[in-house]
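Dear colleague,

I am passing on the structure below, together with some notes on what turned up in it. Please read them alongside the coordinates and tell me if anything looks unclear.

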Amino acid sequence: MAVAAAAAPGALGTLQAGRARLVAACCARLGPRWRLPGSWTCSRVDSTIWARGWTPAAGGAAWPRGYSAEVKTEDELRVRYLEEENRGIVVLGINRAYAKNSLSKNLIKMLSKAVDALKSDKKVRTIIVRSEVPGIFCAGADLKERAKMSSSEVGPFVSKIRAMINEIANLPVPTIAAIDGLALGGGLELALACDIRVAASSAKMGLVETKLAIIPGGGGTQRLPRAIGMSLAKELIFSARVLDGQEAKSVGLISHVLEQNQEGDAAYRKALDLAREFLPQGPVAMRVAKLAINQGMEVDLVTGLAIEEACYAQTIPTKDRLEGLLAFKEKRTPRYKGE
């Protein structure tokens, strides 16, 4: 008993040290010299580096503004910066109609390039991932291309798909998947990487890889259980079952389900409505809130609350926080600048 009692303080210290490292790692993702609150130790932040890591690197190529020029290579990915009342919303439109928007080497490269530009653009507030092909969101990996690969090439290619999907999951701003059609395999994994998913009732969704004697390789075995629970996720993956929009809503896979319209873009329109709801909020607060939720869900509650405390502290010295208080006092709409 005496030995156990003596060991307890050491175990507690180890646990606290581990939590401190997790919180420090969380703050590190916000950029250099972010301050940890209370007893957590880190260099103090100053007002000049709040947006560091969210702006393009010096000398870096700027992504086109407005409605961007369409991608030349078969126009497989269209990146659009919306304007006027939708300014701050960016739409990634997948456009491989002849291949059901399947994930090819070229499309993966283009998505990675687009995401790399978006993650450092401070003016981006919300990103919508959609299809520009009626009836299809993304049919998964390009199996025709895959069939031409040697066994030694398959693993590295799947790793690239996984890395690209992880990049989307790690974007600092809210992301919405608008599922207006078929989303199978890697297509559903792409949607699972987004913060919010909306779908038409006619959409079809499923992780069907076990039919091909493989398993989901783009994060599906990890993100689906986190979205709908372990037992049901196992059932869906083991059975390769495909759900429609209503079924997906009933199990919590999507947040909203809508009857499809004549244009075939009901989910996209709902995603746009949601994105417009996000626009008036403080940009720094939105990014920090997403980080706090994402990091907190991966740890125990006590550590998660410490992460929340650390993230909340980052909003206190911002100009946006002062603007919000002033706007409330003056009974007007706040004019946030992300500072």
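The buried residues of helix H4 pack against several other elements, namely helix H2 (105-118), helix H3 (143-147), strand E5 (175-179), helix H5 (186-192), helix H6 (220-228) and helix H10 (283-296). Please keep in mind that this is a predicted model, and that everything that follows is computed from it. The buried set in H4 consists of Phe157, Val158, Ile161, Met164, Ile165, Ile168 and Ala169. Because these residues cover an arc of only 150 degrees around the axis, they lie on the same side of H4, while Ser152 and Lys160, on the other side of H4, are exposed. The pattern fits the geometry of such an element, since an α-helix has 3.6 residues a turn, so residues three or four places apart point the same way. The length of H4 is in order too: its 19 residues (151-169) should span 27 Å at 1.5 Å a residue, and the end C-alpha atoms are 28 Å apart, which agrees.

Helix H10, one of the partners of H4, has 14 residues and reaches 20 Å from its first C-alpha to its last, close to the 20 Å expected at 1.5 Å a residue. In H10, the buried residues are Pro283, Val284, Arg287, Val288, Lys290, Leu291, Ala292, Gln295 and Gly296, a list that includes charged side chains, as you will see from Arg287 and Lys290. Val288 also offers a link to helix H11 (residues 301-315), where Ala313 is located: Ala313 and Val288 are 25 residues apart in sequence, with their C-alpha atoms 9.9 Å apart in space. With a relative accessible area of 6%, Ala313 counts as buried, because the cut-off is under 20%.

Strand E5, another partner of H4, contains Thr175, which is buried with a relative accessible area of 0%. Leaving aside neighbours within four places in sequence, Thr175 is in contact with Ile127, Ile168, Ala193, Cys194, Asp195, Ile196 and Lys290, so that Ile168 of the buried set in H4 and Lys290 of the buried set in H10 both appear among the contacts of Thr175. Thr126, in strand E3 (residues 126-131), is likewise buried, with a relative accessible area of 0%. Not counting residues up to four places away in sequence, Thr126 touches Gly88, Ile89, Val90, Val173, Pro174, Ile176, Ala275 and Phe278.

Gly140 lies in the loop between strand E4 (136-138) and H3, and with a relative accessible area of 2% Gly140 is buried. Beyond the neighbours within four places in sequence, Gly140 is in contact with Ser102, Leu103, Leu184, Gly185, Gly186 and Gly187. One of these, Leu103, is 37 residues away from Gly140 in sequence, yet the two are 5.9 Å apart in space, C-alpha to C-alpha.

Two loop residues deserve a look at their backbone angles. Glu84, in the loop between strand E1 (77-81) and strand E2 (89-94), has a phi near 55 degrees, a positive value in a residue other than glycine, and Ala240, in the loop between helix H7 (230-239) and strand E9 (243-244), also has a phi near 55 degrees. Their surroundings can be told apart by accessibility: Glu84 is exposed, with a relative accessible area of 66%, whereas Ala240 is buried, with a relative accessible area of 4%.

Which side-chain arrangements were found? The charged end of Arg130 sits over the ring of Tyr268, 4.0 Å from its centre. The structure holds 0 aromatic pairs and 0 disulfides. As for cysteines, Cys138 is buried with a relative accessible area of 0%, and Cys194, at 5% relative accessibility, counts as buried as well.

For the chain as a whole, there are 12 helices and 10 strands, and buried residues make up 47% of the 339 residues. Among contacts with a separation of 6 or more, 64% are between residues 24 or more positions apart.

With best regards

Notes
Residues are numbered from 1 along each chain as its sequence is written. This is a predicted model: local features need pLDDT of at least 70, side-chain atom pairs count only at pLDDT 80 or more; totals for chains, interfaces and linings use all residues. Side-chain values use heavy atoms; hydrogens and water are left out. Helices (H or I, at least four residues) and strands (E, at least two) are DSSP runs, numbered from the N terminus. The expected span of a helix is 1.5 Å times one less than its number of residues. Buried means under 20% relative accessible area, exposed over 50%, partly exposed in between (1.4 Å probe, protein chains only). The arc is that of the directions from the helix axis to the C-beta atoms. Contact means heavy atoms within 4.5 Å. Rings of Phe, Tyr and Trp (its six-membered ring) pair if their centres lie within 6.5 Å; planes under 30 degrees apart count as stacked, over 60 as edge-to-face and the rest as tilted. A charge sits over a ring if NZ of Lys or CZ of Arg is within 6 Å of the ring centre and within 35 degrees of the ring normal. A disulfide is a pair of cysteine sulfur atoms within 2.5 Å.
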